[in-house]
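Colleague: I have a new model open and some questions about its loops, sheets and pockets. Can you take me through them?

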Amino acid sequence: MDGMAKDILTTAEAARILGVSVRTAQLLIEGGSIPSWKTPGGHRRVYRRDVLGLIAGSGEPPMLASARVILIARQERMADYKAALAKVDFCVVESYSDIYTALLAIGTRLPAAVVIEAETSDASRLAMLESLRADPSLGSTEILVVGRSAATRRSGGREPGSRTTVFVDELPALPAAIETVFKAAAGHPFPFETPPSFPFPDNEGQRLLALERSGLVDTPPEDSFDRLTWLAARSLDAPVALLTMLTPTRQWFKSRYGLDMVDTPRGWAFCNYTILQKGIMVAENLATDSRFAENPAVKGDLGFRFYAGCPVSDPDGFTLGSLCVIDTRPRALDETQKQILANLAALASDEIKLRATDRQLRWAIERGNSKPGAAAASPLPGTKRVVEHQ
């Protein structure tokens with residue numbers, strides 16, 4: 001019995017073995033990454049072998065699915081592909097016309113999907129397709145080929161164990177195919193005990209896990225982020241600028257300019273609407289906007305009247321919160337001002353991505369591994385292996 005008891009772990013014990021917070025372990029367990037069951041008292045329990053198996057399977061911290069899509073297409077068709085993929089929610093697209101640059105992006109951090117435009121005259125692209133399909137290091141990355149040319153049809157024969165390829169006959173069918181990929185990858189439990197009063201994205205469970213893994217929440221102020229909120233406030237003539245992080249219950253401010261509060265209830269967050277989209281969200285008059293008119297930050301002493309925010313994301317494309325500016329008077333932003341806000345939000349995302357890479361390096365070093373991840377197999381003959389940072 002004693003030996004059996006040692007093989008059964010609490011969530012806290014699993015977190016210590018994984019080297020993550022209890023909250024992250026809880027999300028991994030609830031999301032099904034670690035099989036679990038409930039005791040009669042309602043507490044989750046897991047087997048030690050499943051926790052160790054998760055570590056052994058990746059050699060790294062437990063991995064999230066990705067929101068990234070790598071697009072490989074001819075430059076003259078790139079705009080058409082981007083327009084098609086823009087119809088897919090929570091899809092972050094990185095587009096490449098150069099194969100070798102695309103391979104670097106794939107190997108650096110595994111995407112949810114790779115979309116390849118079929119081009120019969122491009123032998124190197126077909127060779128890359130075959131290599132990607134046979135590469136076991138790509139994990140759950142889906143390969144989609146648009147345009148079933150004769151060459152791609154001939155490449156349909158696969159060795160046992162090679163990857164499945166989704167063939168999309170025409171570009172208009174691509175959004176539905178990508179949506180299928182994301183729906184399959186977004187299996188996660190309902191992240192709230194009861195339905196909240198605020199809107200949240202369909203991938204909220206994954207997004208919350210990504211936020212927890214970022215390690216940003218409840219950390220001290222940092223100059224690299226404070227410079228961005230200062231620039232946002234001064235360049236957009238706004239009395240308040242915030243870098244927000246949306247937890248299940250709070251809107252927490254990693255950086256704030258012109259506001260003494262360190263957080264608010266999640267229900268107060270104008271950013272709940274910003275994270276539902278890819279671009280800038282602007283509310284020119286909060287008091288007359290039906291989404292916000294009854295918000296305590298609008299009706300109460302704060303008296304906010306204007307909001308503009310842009311999503312801020314992690315390396316896997318999950319939106320953690322937003323960079324936003326707020327004013328006490330109704331107003332608008334012109335196109336140049338919107339571009340300023342979007343660029344500052346992109347800089348905030350870049351800073352978060354740099355921190356993720358640094359954490360990954362430290363994880364590898366702490367475990368006596370000089371490499372940050374398993375090297376992906378060479379996609380083409382003669383190319384170097386690409387190091388994967390998960």
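Colleague: In which loop is the place of D218?

Modeller: This is a predicted model. Look at two helices, α10 and α11. D218 sits in the stretch that joins them, the loop between α10 and α11.

Colleague: What is the phi of D218, which is not a glycine?

Modeller: Most residues other than glycine have a negative phi. D218 is not a glycine, yet its phi is positive, at about 65°.

Colleague: Is D218 buried or exposed?

Modeller: The cut-off for exposed is over 50% relative accessible area. D218 has 52%, so it counts as exposed.

Colleague: Which loop holds D237, and what is its phi?

Modeller: D237 lies in the loop between α11 and β9. D237 is not a glycine either, but its phi is positive. The value is about 55°.

Colleague: Is D237 buried or exposed?

Modeller: Exposed needs over 50%. The relative accessibility of D237 is 54%, so the label is exposed.

Colleague: What is the strand order in the open sheet of six strands?

Modeller: The pairing in this sheet is antiparallel. Reading across, the order is β11-β10-β9-β14-β13-β12.

Colleague: Which strands stand at the edges of that sheet, and why is one side of each left without a neighbour?

Modeller: An edge strand here has a single partner strand, so its other side has no neighbour in the sheet. The two edge strands are β11 (263–265) and β12 (281–283).

Colleague: Which residue is the bridge partner of V282?

Modeller: β12 and β13 pair in the antiparallel sense over three bridges. The partner of V282 lies in β13. That partner is A308.

Colleague: At what angle does α10 run to β14?

Modeller: Helix α10 covers residues 204–214. It lies across β9 (240–246) and β14 (319–327). Its angle to β14 is about 85°.

Colleague: And which strands does α11 touch?

Modeller: Helix α11, residues 223–235, packs on the sheet. Its direction makes about 75° with that of β10 (250–257). The strands touched are β9, β10 and β14.

Colleague: Which are the edge strands of the open sheet of five strands?

Modeller: The order is β5-β4-β6-β7-β8, with parallel pairing. Each edge strand pairs on one side only. These strands are β5 and β8 (165–168).

Colleague: Which residue stands opposite I143?

Modeller: Strand β7, residues 142–146, pairs with β8 in the parallel sense over four bridges. The residue opposite I143 is in β8. It is T165.

Colleague: What angle does the direction of α6 make with that of β4?

Modeller: α6 packs on the sheet and touches β4, β5 and β6. Its direction and that of β4 make an angle of about 165°.

Colleague: How much space lies in the second largest pocket?

Modeller: Rolling a probe the size of a water molecule over the atoms shows where empty space is left. For the second largest pocket, that space is about 710 Å³.

Colleague: Which of the residues lining that pocket are closest to its centre?

Modeller: The lining has 35 residues. By class, 18 are nonpolar, nine polar and eight charged. The closest to the centre are V92, S313, D314, G317 and K353.

Colleague: Which element supplies the largest share of that lining?

Modeller: β5 (92–96), α6 (99–108), β13 (306–313) and α14 (335–366) each supply at least two residues. The largest share is nine residues, and it comes from α14.

Definitions and conventions: Residues are numbered from 1 along each chain as its sequence is written. This is a predicted model: local features need pLDDT of at least 70, side-chain atom pairs count only at pLDDT 80 or more; totals for chains, interfaces and linings use all residues. Side-chain values use heavy atoms; hydrogens and water are left out. On a 1 Å grid over the protein atoms alone, a cavity is a set of points where a 1.4 Å probe fits but cannot get out, and a pocket is an open set with protein on both sides within 12 Å along at least five of seven lines; lining residues have an atom within 4 Å of a point. Grid points are joined across faces, edges and corners, and a volume is the space filled by probe spheres set on the points. Ala, Val, Leu, Ile, Met, Phe, Trp, Tyr, Cys and Pro count as nonpolar, Asp, Glu, Lys and Arg as charged, and the others, Gly among them, as polar. Two strands pair if DSSP finds at least two bridges between them. Contact means heavy atoms within 4.5 Å. Axes are lines fitted to C-alpha atoms, for helices over the stretch in contact, and angles run from 0 to 180 degrees between N-to-C directions. Buried means under 20% relative accessible area, exposed over 50%, partly exposed in between (1.4 Å probe, protein chains only).
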